[in-house]
Amino acid sequence: MTSAFAAGEAGPTVIVPARGFSQGKNRLAGMLTAGERAALSQAMFLDLLEALNGVIAPANVYVVSRDAEVLALADAAGATAVREPAAAVGLNGALEAGRSAVLAATPTADGLLVLPADLPAVTTAGLREFLGGAGAEPLVRVCPARDGGTNALFMRPSDAIPFAYGHD
């Protein structure tokens, strides 16, 4: 593993919220079968974990999901698997559960990076560029998606802002 951070630096901690693979890529239902969409979702998730491995220690990656298969793959990759509580409501609830797990385990994390499990064409170089030059000051950085969503969110400190994913 090659980290983008100096020896002794924790670097940011990552939260990857992930639905079950069979629930992903529904917008492609007219072009791909359910099995193909599940395989694509899984491949994108594994690509993300691989790209992260070139930037951040796997132990600093927290995958939040209710799906046992997702959590097992995260654990096998060395990430911290966090079972999303049944009481968590939507994406924001899942992210808050992840942030709580992060802050309980790593209160000195150098910021928090949120990346969706199905981020397309993610690369180690792209992640390094997104995180680069952040300095040590408090910061919120967003990488918007073309559809108006958020491809990446970085914040320092880890609780700098509440999560507010969703419409508008």
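In the predicted model, Leu112 is bridged to Met155 of strand 6. A further bridge partner in strand 6 is Phe154, which is matched with Leu113. Both pairs concern the contact between strand 4 and strand 6. Strand 4 spans residues 112–114 and runs antiparallel to strand 6, with three bridges joining the two.

Strand 6 also pairs with strand 5, residues 139–144. The pairing is again antiparallel and extends over six bridges. Here Cys143 has Ala152 of strand 6 as its bridge partner. Strand 5 and strand 6 form a hairpin. Five residues lie between the two strands. In the turn, Gly148 has a positive phi of about 95°.

How enclosed is strand 6, residues 150–156? Five of its seven residues are buried, so strand 6 is largely enclosed by the rest of the structure. The cut-off for burial is under 20% relative accessible area.

These strands belong to an open sheet of six strands. The strand order is 3-2-1-4-6-5, and the pairing is mixed. Strand 3 (80–83) and strand 5 are the edge strands, each pairing on one side only. From one strand to the next, the twist averages 20°.

Two helices are placed against these strands. Helix 3, residues 90–105, lies across strand 1 (13–17), strand 2 (61–65), strand 3, strand 4 and strand 6. The angle between helix 3 and strand 1 is about 150°. Helix 4, residues 124–131, packs on the sheet as well. The strands touched by helix 4 are strand 4, strand 5 and strand 6. The direction of helix 4 makes about 140° with that of strand 5. Strand 4 and strand 6 are thus listed for helix 3 and for helix 4.

Leu46 was examined separately. This residue lies in helix 1, residues 34–53. Is Leu46 partly exposed or buried? Its relative accessibility is 33%. Buried means under 20% and exposed means over 50%, with partly exposed in between. Leu46 therefore counts as partly exposed. Along the chain, Leu46 and Ala74 are 28 residues apart. The C-alpha atoms of Leu46 and Ala74 are separated by 8.6 Å.

Terms used:
Residues are numbered from 1 along each chain as its sequence is written. This is a predicted model: local features need pLDDT of at least 70, side-chain atom pairs count only at pLDDT 80 or more; totals for chains, interfaces and linings use all residues. Side-chain values use heavy atoms; hydrogens and water are left out. Buried means under 20% relative accessible area, exposed over 50%, partly exposed in between (1.4 Å probe, protein chains only). Helices (H or I, at least four residues) and strands (E, at least two) are DSSP runs, numbered from the N terminus. Two strands pair if DSSP finds at least two bridges between them. Axes are lines fitted to C-alpha atoms, for helices over the stretch in contact, and angles run from 0 to 180 degrees between N-to-C directions. Contact means heavy atoms within 4.5 Å.
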